[in-house]
Amino acid sequence: MLKANLSGFLIKPCDICAEEFKLTVDEEVEFFISDGIYEDDSSIELDVVESFDGIADVEELLNSEIELIKSDYHSCDNCKSSDEEL
Ligand SMILES: [Zn+2]
């Protein structure tokens, strides 16, 4: 089991106005790294990573996590505050 905290910021375009803004990221991430094919599908809401050579590429895992965060809906502070006014 790999538990990590992903924190920092990303630059991404706002989903409303398309202006780039700084998105603060502070996420707990958990991966279950399986040595070989993971067969227990009774599972658990975990990200299972299958490793076939005894090596898990943590950088790749975190990059895909970052891509997931980026693909979520995020709006910049300007759009957020105008949302609140509506
Ligand atoms: Zn915006």
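1. A helpful starting point: a residue counts as partly exposed when the number of other C-beta atoms within 10 Å of its own falls between the limits for exposed, 12 or fewer, and buried, 20 or more. With that in hand, Ala-4 is easy to place: 14 other C-beta atoms lie within 10 Å, so Ala-4 is partly exposed. Please keep in mind that this is a predicted model.

2. Now for the overall layout. The protein has three strands and two helices, and along the sequence they come in the pattern β-β-β-α-α. Of the 86 residues, 1% are buried. Among contacts with a separation of 6 or more, 43% link residues 24 or more positions apart.

3. Strand β1 is a good place to look next. This strand covers residues 2–13, and zero of its 12 residues are buried, so β1 lies largely in the open. Ala-4, the residue from the opening point, belongs to β1.

4. What does β1 pair with? Its partner is strand β2, residues 20–35; the two run antiparallel and are joined by 12 bridges. One place to see this pairing is Leu-10, which stands opposite Leu-23 in β2.

5. The connection between these strands deserves a glance too. β1 and β2 make a hairpin, with six residues between them. In the turn you will find Ala-18, whose phi is positive, at about 70°.

6. Finally, back to Ala-4 for a link across the sequence. Ala-4 and Phe-31 are 27 residues apart along the chain, while their C-alpha atoms are separated by 8.6 Å.

Conventions
Residues numbered from 1 in each chain as written. Predicted model: local features only at pLDDT ≥ 70, side-chain atom pairs only at ≥ 80, totals over all residues. Helix = DSSP H or I, 4+ residues; strand = E, 2+ residues; numbered from the N terminus. Contact = placed C-beta atoms within 7 Å. Pairing = 2+ DSSP bridges.
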